[in-house]
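Q: I have a structure open here and want to go through some of its residues. Can you take me through it?

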Amino acid sequence: QLGGDVAEFARRQAAIGRWDTAADHLGAAAQFAASRAEWERLAVEALDVLLLAGRVDEATAFVARLPATGDPALRSYALGRLTAVTGRVPEAEALLADALRRCEPGANHGLAARTAGQLAMLCALQARGADAVHWASQAAELAPDQVGSDYVRFAYLAGLGMCGEADRALTTVTALPDAGAS
């Protein structure tokens with residue numbers, strides 16, 4: 001129960017952009033995990049916020065500790081995230097696509113949404129607007145209230161702009177949250 005409480009606190013911190021605090025607490029929550037599978041899920045959550053906090057070396061350490069025999073979707077996601085921040089974009093995209101393929105239908109909606117969101121960002125950064133819109137739409141459909149949805153929204157709007165659909169993008173801007181809300 002303590003681990004779950006610590007993880008929930010960490011998620012609330014992540015939701016308001018306190019990446020360092022969230023990372024520290026998710027790492028601590030992982031130490032209380034009752035199973036290897038729970039540890040893997042928490043370690044991958046920690047990886048996400050460690051990368052957002054710019055703590056790449058610590059994120060690398062979490063990925064190195066993921067077992068080769070663990071959840072293949074989580075492993076591919078973690079490797080894809082880490083590979084992306086090291087600049088190996090084609091390899092990252094392949095790993096993230098593999099993670100998405102390995103997500104069980106009806107299960108892993110959070111992981112599938114995070115993976116689709118990361119694919120959307122990679123596509124937006126490569127000026128692949130239609131692909132960014134596709135992946136961002138998929139991410140939003142899978143988990144509309146997920147932490148990081150601002151990044152997905154950015155990828156969606158940028159993708160529409162790249163596709164020459166700025167007017168369509170602007171019609172959705174009225175629904176953006178207040179600057180202090182995210």
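Q: Let's start with arginine 55. Is arginine 55 buried or exposed?
A: Arginine 55 counts as buried, because its relative accessibility is 16% and the cut-off for buried is under 20%. Bear in mind that this is a predicted model.

Q: Where is arginine 55 in the fold?
A: Arginine 55 is in the loop between H3 and H4.

Q: And what is arginine 55 in contact with, leaving aside its neighbours in sequence?
A: Beyond four places in sequence, arginine 55 contacts Asp20, Ala23, Asp24 and Leu50. Aspartate 20 is 35 residues apart from arginine 55 in sequence, yet the C-alpha atoms are 8.6 Å apart in space.

Q: Different topic: aromatics. How many aromatic pairs does the structure hold?
A: One aromatic pair. Tryptophan 39 and phenylalanine 62 form the pair, with 6.4 Å from centre to centre and 35° between the planes, and it is classed as tilted.

Q: Which helices do tryptophan 39 and phenylalanine 62 lie in?
A: Tryptophan 39 is in helix H3 (residues 36-52) and phenylalanine 62 is in helix H4 (residues 56-64), so the pair ties together parts 23 residues apart in sequence.

Q: Are those rings buried or exposed?
A: Tryptophan 39 is buried, at 7% relative accessibility. Phenylalanine 62 is buried too, with a relative accessible area of 11%.

Q: What lies over the face of tryptophan 39?
A: Arginine 36 does, at 4.7 Å from the ring centre. In another case, arginine 114 has its charged end over the ring of tyrosine 77, 5.1 Å from the centre of that ring.

Q: Cysteines next. How many disulfides are there?
A: The count is zero. Cysteine 123 is in no disulfide, and the nearest cysteine sulfur belongs to cysteine 163, 11 Å away.

Q: Why is there no bond from cysteine 163 to cysteine 123?
A: Because the two sulfurs are 11 Å apart, which is too far for a bond; the cut-off used is 2.5 Å.

Q: Are cysteine 123 and cysteine 163 buried or exposed?
A: Cysteine 123 is buried, at 0% relative accessibility. Cysteine 163 counts as partly exposed, at 36%.

Q: On to the core. Which residues touch the most other members of the largest nonpolar core?
A: Leu26, Val49 and Trp135, out of 53 residues in that core. Valine 49 contacts Ala14, Trp19, Ala22, Ala23 and Leu26, leaving aside neighbours within four places in sequence.

Q: Trp135 is in H8, then. Which residues of H8 are buried?
A: Gly129, Ala132, Val133, Trp135, Ala136 and Ala139 are buried in H8.

Q: How does the span of H8 agree with what it should be?
A: Helix H8 (residues 129-142) has 14 residues and should span 20 Å at 1.5 Å a residue; the end C-alpha atoms are 20 Å apart, so the two agree.

Q: Two polar residues to finish. Where is glutamine 13, and what is it in contact with?
A: Glutamine 13 is in helix H1 (residues 2-15). Leaving aside neighbours within four places in sequence, glutamine 13 contacts Arg18, Thr21 and Ala22. Glutamine 13 is buried, with a relative accessible area of 10%.

Q: And serine 76: buried or exposed?
A: Serine 76 is buried, with a relative accessible area of 8%. Serine 76 lies in helix H5 (residues 72-85). Not counting residues up to four places away in sequence, serine 76 touches Leu95, Leu96, Asp98, Ala99 and Arg102.

Conventions:
Residues are numbered from 1 along each chain as its sequence is written. This is a predicted model: local features need pLDDT of at least 70, side-chain atom pairs count only at pLDDT 80 or more; totals for chains, interfaces and linings use all residues. Side-chain values use heavy atoms; hydrogens and water are left out. Helices (H or I, at least four residues) and strands (E, at least two) are DSSP runs, numbered from the N terminus. The expected span of a helix is 1.5 Å times one less than its number of residues. Buried means under 20% relative accessible area, exposed over 50%, partly exposed in between (1.4 Å probe, protein chains only). Contact means heavy atoms within 4.5 Å. Rings of Phe, Tyr and Trp (its six-membered ring) pair if their centres lie within 6.5 Å; planes under 30 degrees apart count as stacked, over 60 as edge-to-face and the rest as tilted. A charge sits over a ring if NZ of Lys or CZ of Arg is within 6 Å of the ring centre and within 35 degrees of the ring normal. A nonpolar core is a set of buried Ala, Val, Leu, Ile, Met, Phe, Trp, Tyr and Cys residues joined through side-chain atoms within 4.5 Å.
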